[in-house]
Amino acid sequence: MLSSSTASGEKNCFGVYTVYNVGNAAALEVEITDNSFHPDHFTHVSGELNARIDRVPPHTNVSHTVVVRPRKFGYFNFTSAEVLYRRKEDAPSLQFAASSEPGEAVIVSFRDYDKQFSSHVLDWIAFGVMTLPSLAIPFGLWFSSKSKYEKLLKSTKKH
């Protein structure tokens, strides 16, 4: 499962696989295979796309993380990972399971990602500078009138 439905082309994407063993016996020789991260579209950073876990005890879970970096931008359809395991050590055949399908995700350029998700500090500074005159001028006029009125009140009270 991809950690986010929107990712940037210059940032790492994390694929997290969690195998839940809800049975009463250990799952043995668990193999996770994911073909969603094609080498033409993603650069492998760390973790294994084809992972093998020797044993998953009953009523527990085991997680595996893969880190990839997108090479291209656009919409990507991620398919389910395949999980093969043995129910018993002497089981003649492997059991098949599939992960939940993450579906479609968007990979955007860093510029577009930054435009959408950054804090826009310079934009807020420019906004503050542009609104300052519309706030400062009325305040200055009010303060000037208030000061004149207070002087006038003081001079009339002295008489």
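Ala, Val, Leu, Ile, Met, Phe, Trp, Tyr, Cys and Pro count here as nonpolar, Asp, Glu, Lys and Arg as charged, and the others, Gly among them, as polar. Keep those classes in mind for the pocket later on. What you have in front of you is a predicted model.

Let's begin with the chain as a whole. The protein chain contains 2 helices and 10 strands. Reading from the N terminus, the order of elements is β-β-β-β-β-β-β-β-β-β-α-α. With a radius of gyration of 31 Å, well over the 15 Å that the globule rule gives for 159 residues, the protein chain is more spread out than a compact globule. The principal axes tell you about its extents: along them, the C-alpha trace spans about 110 × 40 × 20 Å.

Now turn to the strands. Strands of a sheet pair through backbone hydrogen bonds, either parallel or antiparallel. In this model you can pick out an open sheet of 4 strands, paired antiparallel in the order 5-3-8-9. Strand 5 (50–56) and strand 9 (95–98) stand at the edges and have a single partner strand each, so one side of each is left without a neighbour in the sheet. From one strand to the next, the twist averages 20°.

It is worth following one of those pairings in detail. Strand 8 (residues 82–86) runs antiparallel to strand 9, and 4 bridges join the two. If you would like a specific place to look, try glutamate 82, whose bridge partner in strand 9 is alanine 98.

Strands 8 and 9 also bring us to the largest pocket. This pocket holds about 600 Å³ of space. Of its 23 lining residues, the closest to the centre are Thr18, Val19, Tyr20, Val83 and Ala97. Strand 2 (13–21), strand 3 (27–33), strand 8 and strand 9 are the elements that give two or more residues to the lining. Which of them supplies the largest share of the lining? That is strand 2, with 6 residues. Here the opening classes come into use: the lining has 16 nonpolar, 6 polar and 1 charged residues.

Finally, move along the chain to residues 124–144. An unreviewed UniProt entry places the feature "transmembrane region" at these positions. In the model, the span 124–144 is 100% helix and 0% strand, and its end C-alpha atoms lie 29 Å apart. So that you can place this span in the overall order, recall that the element sequence from the N terminus closes with α-α.

Notes:
Residues are numbered from 1 along each chain as its sequence is written. This is a predicted model: local features need pLDDT of at least 70, side-chain atom pairs count only at pLDDT 80 or more; totals for chains, interfaces and linings use all residues. Side-chain values use heavy atoms; hydrogens and water are left out. Two strands pair if DSSP finds at least two bridges between them. Axes are lines fitted to C-alpha atoms, for helices over the stretch in contact, and angles run from 0 to 180 degrees between N-to-C directions. UniProt positions are given in the numbering used here, feature names are shortened, and annotations may be inferred rather than shown by experiment. On a 1 Å grid over the protein atoms alone, a cavity is a set of points where a 1.4 Å probe fits but cannot get out, and a pocket is an open set with protein on both sides within 12 Å along at least five of seven lines; lining residues have an atom within 4 Å of a point. Grid points are joined across faces, edges and corners, and a volume is the space filled by probe spheres set on the points. The radius of gyration is taken over C-alpha atoms; the globule rule is 2.2 Å times the number of residues to the power 0.38.
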